[in-house]
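This report goes through selected features of the structure shown below, beginning with a loop and then moving to strands, a helix and the contact between chains.

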Amino acid sequence: MESSPSEKPRLTPVKIVVAGGFGVGKTTFVGAISEIEPLRSEAIITEASAGIDDLYEDGTKTTTTVAMDFGRISLKHDLVLYLFGTPGQDRFHFMWNELARGAIGAVVLVDTRRVDACFAAIDFFERRETPFVVAVNMFYGRKLHAEEDVREALRIQPEVPVVYCDARVRVDVQRVLVTLVEHALSRATTEVAAN
Amino acid sequence: MSVWAIPQPAISGRIVRPYTMTGGRTGSDLPRIALEALVTATPAGMRMRTRFRWESADIITHTRKETAIIELAALLEVPIGVVRVLAADLADKGAVTITDPPSETDVTSDGYTDLLQKVLDGIKSL
């Protein structure tokens with residue numbers, strides 16, 4: 001039976017990816033602004049699909065489970081924003097393609113005591129040309145490194161915004177998201193003008 | 001939370017191999033439904049609900065309000081791949097509709113900048 005137009009769903013889903021090294025505070029960041037407690041979903045993947053597409057289904061491969069934490073924010077204009085935390089372990093980096101597909105952009109959370117933990121994420125979003133911002137998580141509210149030092153350590157392009165935040169604090173997380181969407185918007189506007 | 005990583009039937013009571021629910025299909029033959037795609041039960045789906053196996057019936061129950069694929073996986077404690085297959089089947093039967101997110105090919109359109117502007121307004125006014 002066909003549903004009438006008035007019964008059509010009205011919400012549009014959009015998403016932002018929250019990446020960074022293991023233990024950098026991704027789920028805390030998502031939880032600070034999500035209207036639901038961050039939930040965890042699992043995908044069963046074949047070990048062989050790590051790095052390549054899941055092409056063969058012969059039932060003989062070993063499988064593993066990858067978990068993703070996510071949150072949801074209802075926005076006005078009938079939008080619903082999903083925030084996805086990337087799986088922290090390196091061996092699940094291939095999942096990032098799936099997460100990044102169709103994303104407005106990404107937040108790369110950085111702990112300045114372990115900057116190398118976010119290199120993989122920065123490489124990935126640069127190569128994929130996904131708009132991203134670097135959000136330095138100030139553990140205990142302390143700004144340990146100046147912005148120029150962070151930029152130097154991460155070797156990011158000058159146009160990539162760097163924001164300081166406390167991942168536990170809602171307004172901080174909100175500000176990071178605003179910075180990201182503004183960045184994505186300015187890039188999209190440039191691209192539209194170029195086409 | 002992790003029902004399938006380490007079997008914990010006491011939590012969900014579901015001692016079923018996850019892909020048994022999908023007849024062994026893993027969804028690799030289907031176009032990938034986005035994790036954030038919204039599933040919504042149709043009135044017809046609500047009426048047909050009891051004709052489906054419980055896991056599909058559960059999806060209809062949970063999607064009276066729009067619910068994303070990834071949320072369904074978390075709420076029903078089944079892997080994302082299983083939800084994708086079941087939701088696609090339900091959509092084929094007219095029991096649910098699936099709203100896709102804007103595709104990446106939209107990125108260089110005016111519509112996309114409008115969308116981003118709305119998202120920005122929305123986040124600012126939280």
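In this model, which is predicted, A:D78 has its place in the loop between β3 and β4 of chain A. The phi of A:D78 is positive, near 60°, in a residue other than glycine, and A:D78 counts as partly exposed because it has 13 C-beta neighbours inside 10 Å. A:H77 is found in the loop between β3 and β4 of chain A as well, and its phi, near 65°, is a positive value in a residue other than glycine. With 14 C-beta neighbours inside 10 Å, A:H77 is likewise partly exposed. Elsewhere in chain A, a positive phi near 60° is taken by A:E129, the residue that follows α3(A). The table sets out these backbone angles by residue.

| Residue | Phi | Place |
|---|---|---|
| A:H77 | positive, near 65° | loop between β3 and β4 of chain A |
| A:D78 | positive, near 60° | loop between β3 and β4 of chain A |
| A:E129 | positive, near 60° | follows α3(A) |

**Strand β4(A) and its partners**

The hairpin of β3(A) and β4(A) has three residues between the strands, and it is here that A:H77 takes its positive phi. The two strands of the hairpin, β3(A) and β4(A), pair in the antiparallel sense over six bridges, and within this pairing A:G71 has A:L83 in β4(A) as its bridge partner. β4(A) is also joined to β1(A), with which it runs parallel, by seven bridges; in that pairing the bridge partner of A:I16 is again A:L83 of β4(A). Six of the seven residues of β4(A) are buried, so the strand is largely enclosed by the rest of the structure.

**Helix α3(A)**

Which residues of helix α3 (residues 119-128) of chain A are buried? They are A:A121, A:I122, A:F124 and A:F125, and because they cover an arc of only 165° around the axis, they lie on the same side of α3(A). As background, residues three or four places apart in an α-helix point the same way, because the helix has 3.6 residues a turn. On the other side of α3(A), A:D123 and A:R127 are exposed. The buried residues of α3(A) pack against both strands and helices of chain A, namely β1 (12-20), β5 (105-110) and β6 (132-137) together with α2 (95-100) and α4 (147-154).

**The contact between chains A and B**

The contact between the chains takes 42 residues from chain A and 48 residues from chain B. On the side of chain A that touches chain B, at least two residues each are supplied by β1, β2 (39-46), β3 (63-75), β4 (79-85) and α5 (170-194), and α5(A) gives the most, with eleven residues. By class, that side of chain A has 23 nonpolar, nine polar and ten charged residues.

**Confidence of the prediction**

For the complex, the predictor gives an ipTM of 0.87 and a pTM of 0.84. Chain B averages a pLDDT of 82, and 71% of the residues score at least 70. Over residues 1-14 of chain B, however, the pLDDT is below 50, and this stretch has 17 contacts in the model beyond near neighbours in sequence.

Note on methods. Residues numbered from 1 in each chain as written. Chains lettered and ligands numbered in written order. Predicted model: local features only at pLDDT ≥ 70, side-chain atom pairs only at ≥ 80, totals over all residues. Buried ≥ 20, exposed ≤ 12 C-beta atoms within 10 Å, placed from the backbone. Helix = DSSP H or I, 4+ residues; strand = E, 2+ residues; numbered from the N terminus. Arc of directions from axis to C-beta. Contact = placed C-beta atoms within 7 Å. Nonpolar A, V, L, I, M, F, W, Y, C, P; charged D, E, K, R; others polar. pLDDT = per-residue confidence, 0-100. Pairing = 2+ DSSP bridges.
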